[in-house]
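Please open the model in your viewer and keep the selection tool at hand. The tour proceeds from one selection to the next.

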Amino acid sequence: MRRRSLAALCLVASVAASSVLAAEVEPPAQACVGGASAPEAAGFSAFEREDVKAIAERVTCYCGCPHLQVSKCFCGTADSIRAEIATRLDNGELPDAIVEAYVKEHGEGILAVPPRIGFHWIIWLLPPVVILVGIGALVLAGRRWRRPEAAAIPATLSNPLEARLREDLRRTVEEGS
Amino acid sequence: MLVDVGFYLLKGLVLLIGWAAACFLLAGVQNSDRWLAAGRRALLLSFAGTVACAAILVRAIFEGDYSVAYVAEVSEKALPSIFKFTAFWAGMDGSMLMWLLFLSGYSALAIATRPQSQRALVPWIGLTLALSMLFFAGMVAFMTNPLERLEVLQADGRGMNPSLQNYWMAIHPPTLYMGYVGLVVPFAFAVGALVTRRMDGDWIRTVRPWVIWPWLCLGVGMVFGGHWAYVELGWGGYWAWDPVENASFMPWLAATAYLHSVMVQERRGMFKAWNASLLMLAFALSIFGTFITRSGIVESVHSFARSGIGPWFLGFVIAIVATGAGLLFWRWPDLKTEHRIDALLSREFGFMLNNLVFLSICGVTLFLTMYPTISEWATGKRFTVGASAYTEINGTMAMLLLVLTGMGPVVSWRKASARSLRKSFLGPLILAGCVGLALFLAGIRQPLPLTTWALSAFVIACVLGEFHAGARVVAAHRAVSYLRGLSGLVGRNHRRYGGYVVHLAVAMFFIGVAGMAFRQDAEAVLAPGESVDVHGHHVTYVASSPYQTGRSDVERVDLRVERGGQEVALLRPEFKIHHKFPEPEKDVAVRQTAAGDLYAILAEPVDRATGRAKIQVLWNPLVTWVWIASYLLIAGTVLCLWPQASRRAEAT
C-alpha cells in the first residue's frame, strides 16, 4: 500500500515536473536576431538555418581542424562553407547533391562519417556484434564455470541489503577491535 | 656550459639505466641482495640525473638561452614566467623529457617503498621499470634531446603557440602524463608476479594505489584538457573524439575495467589471468596513445610534428604486448581460479559484464581512431570518423554501463535472488521511469539524452539508497543519530563508499554530457546597440575596445546579457592577432550557471569603419555538471585511497 502511494506520488510529481520543464526547455528554434541588415546577415542566417545545419553536420571543415564538422567549427572557412550551402539550397539544389559536390571537390575524406555502404558498414555493425557476442559468450562461460553445488547456496535473505550490511558491519567491527 | 653537461648527462643516463637493468636481472636470476641493492642505487641515481637534466632545461628556458634548439622553438623573451615554466612540456622534446622524469620518479618511488612481503618480486619489478626507462632515456638522449644546441645563435625564440598559453595547459599535460606513465608500475608488478609465480592476493593489494592514482590522473587530466578546449579553442565544446583525446580515454577504460574486476580476485580468487592482462593492456594502450600522437599515423589537432620516433614506439608497444602474452602463456597453469561462479545473478557476473562493456567501448574507440588507416588498407582511401559517429556508438554502449553502474553496488556476491533484486531495484526503477516520463512530457524526444537522464536517476537512486540503508543499519546498531550512522558507515569502509561516490560522479557526468544535445546557437553581425537572443538571453553589443599587448593586437567587445529584463552579466570575448603566429586566437567569454553556459565568441576583428562585429553566442546546457562531476570523482577517489581508521591505529 505504501509502495503504491509512493509510485502514485512519483507519477504525479513527474507530470508536475514535466510542466515546469516544458516551460524551461525551449525547442531549438531559430534564435531571434535584431538589427543586422540583410547583406551582413547572410553568414548568420546560414549559421542558424536548420537545413544548412543538417548538411553542415555531414561534412568536416578543411580549415585544419580534423574531426570538426562544419556545423561545429567556428572558423572563417566553416563560415564560408555554411554560406555556400545556404546559397546552394536557395538555388534549389538537394542536400545529397550538395554533399556529393563537396565530395567531388575535396574527396571522400571530407565526409564527417563514412557512407553506409560496403566495407564502411563495419563501423555500425561491429559494436553491437561485439556486445551481443560478448554477452552470449559470458553467459555460456558463466554457466560452464558455475559450481555444480551452486544450487545448494541459498539465495539471499528476505532483506538482502540489510543482511549484507550487517555482515559487513560485523566483520569490520571485529577487524577493528 | 651547463646545457652541454645536461646534453651528455642524458646520454650517460642511458648507460646508468642499462646498468640498473642488468643489476636487477642478476638480482632476480641469482636471488642476490647485493645486485638488488646495486640496481636500486643505480635507479635512484638515474632519477636524480633526470631531475638534474630537467632543471637544466627549465633554467635554460628562464635564462632565455636561445642557443638551445628546443628553447628557441617554444619560448621567447616576452613570454610570461608561468608559460616559461610550461614551455618545459609544450613541445615534443620537452614532453619526452617529462615522460622520463615522471617514469624515473615513479620507478624510484616504487623501488624505494618496496614492501617486504613482495621481496621476491622486486628484482623483476625493478627490471621492468628499468627497461621502460631505458627505452625513454634512449629516445630522449638520441632522438629528441631537448638540450641540443643550434648551429646558428638566435637573439630571441619563436615563442609558444598562443593556444597553449592558457592556465589549463599548465596542469593538463602534467596530470595526463602522470596518468600515462603511472601505469608502468602496475605493469611491472604484474610482470614480477607472473615471473615469480606469486599470483596470490598480496601483490594485488600492494598494487591497488598504484593503479588508482594513474587512473585518477588520467580521468582528471582528460577533464582539464576538456576545460582547456572549452575556453581556448572557441568551438563551444570540450570533447571532440580527437585521436589524442581517445589516446588518454582508452588506457583509462582498461584501468577502470581492472579496478572493478580486481575486486573479484581479492574476494574470490578469480580472474587472475584476466586482471594481469588488463594491467598489461592499460600500459600498452598508454604507450600506443603516445605512438598515435607522435607518429602522424592519424591526423589530430594535437599532433606533435611528425618525427622518426613513431616506429620505435610501435616496437615498444609490440614488446609490451609480446612480454605480457608470453608471460601469461608461460604461467597459465598457475592462473587457475580458486573459486567458480555460483550464479549468473551475482556481483561476480556483473563485473564480467562491466568489463565487457568497458573493453567494448575501448576496442570500438581504438577501431574508430585507427579507421583512417584501416579504411586505407581495405578500400584504398582514408576515411575519418567524425565525433557524431563516436557519440552515437559509444553513447549507446554507455547506456549499458549506466545500468551496471547503478546495479553493481546493490547486487550481492555469489548469488542474488530475483526477489531481492526486485526489492532493491523497484524504487530506483520507478524513479527512473518517472524522470523519463516527465522529460518526455516536457517535450524531450531525443532517445539518447532521454535515456541518459532516466538511467542517471536510476544510478543516483541506487547509490543513495545504499548510503541510506547502510546509515540506518549503523545508526540502529550503535544507537546513534542517522548522520553519525552515515559518517560511521563511510568511515568503516572508505574504499566501498568512495567507490559509490565515484558512481554518483559518473551519473552526474552523464547528466551534464547529455545536456549538450540541446545546444542552441546564434550568429550575428551587429552594430553597437544591436542585439541577438539565445535561450531567453538578450545579448546586446555595447561597444568595442581595441588594445595592444606588445605581442598581439586585441579586439575586445562588451556584450550586455539580459534575462527577463534584468542585466545578468557583461561578457567580453576577444579576438587576438599575434605578431609571431599566423593563426588568430579567439578568447571566449562564458557565463556559467547550473542550468547552462552562455558562451560568446568574437568571430572576426571588428570592422573599424562601421563598428560592426560578428558575434556568435551559444547556449550550452548543463556543462557545469561535467566539471562538478570531475571534482566529485576526485573526492570519491581520495576517499577510496584514504587509510582506514583501524589501520591507522595499528600503525601508530
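The stops below concern salt bridges. The model is predicted, and 23 salt bridges are found over all of its chains.

**First stop: chain A.** Select A:D96 and A:R58, which form a salt bridge whose closest N and O atoms are 3.0 Å apart. A:D96 belongs to helix α5 (residues 95–106), whereas A:R58 sits in the loop between α3 (50–56) and α4 (76–90), so the bridge ties together parts that are 38 residues apart in sequence. Now display the surface: A:D96 is exposed, at 52% relative accessibility, while A:R58 is partly exposed, at 35%.

**Second stop: two strands of chain B.** Select B:R556 and B:E574, whose side chains meet in a salt bridge with an N to O distance of 3.6 Å. B:R556 is in strand β4 (residues 552–563) and B:E574 in strand β6 (residues 574–578), so parts 18 residues apart in sequence are tied together. With a relative accessible area of 22%, B:R556 is partly exposed; B:E574, at 10%, is buried.

**Third stop: strand β6 again.** Select B:K576, in strand β6, and B:D587, in strand β7 (residues 585–587); this pair ties together parts that are 11 residues apart in sequence. Their side chains form a salt bridge of 2.8 Å, N to O. Are these residues buried or exposed? B:K576 counts as buried at 16% relative accessibility, and B:D587 is buried as well, at 18%.

**Last stop: a network.** Which residues should be selected together to show a network of salt bridges? Choose B:E76, B:D156, B:R551 and B:K580, which are linked in such a network.

Note on methods
Residues are numbered from 1 along each chain as its sequence is written. Chains are lettered from A and ligands numbered from 1 in the order in which they are written. This is a predicted model: local features need pLDDT of at least 70, side-chain atom pairs count only at pLDDT 80 or more; totals for chains, interfaces and linings use all residues. Side-chain values use heavy atoms; hydrogens and water are left out. A salt bridge is a side-chain nitrogen of Lys or Arg within 4 Å of a carboxyl oxygen of Asp or Glu. Helices (H or I, at least four residues) and strands (E, at least two) are DSSP runs, numbered from the N terminus. Buried means under 20% relative accessible area, exposed over 50%, partly exposed in between (1.4 Å probe, protein chains only).
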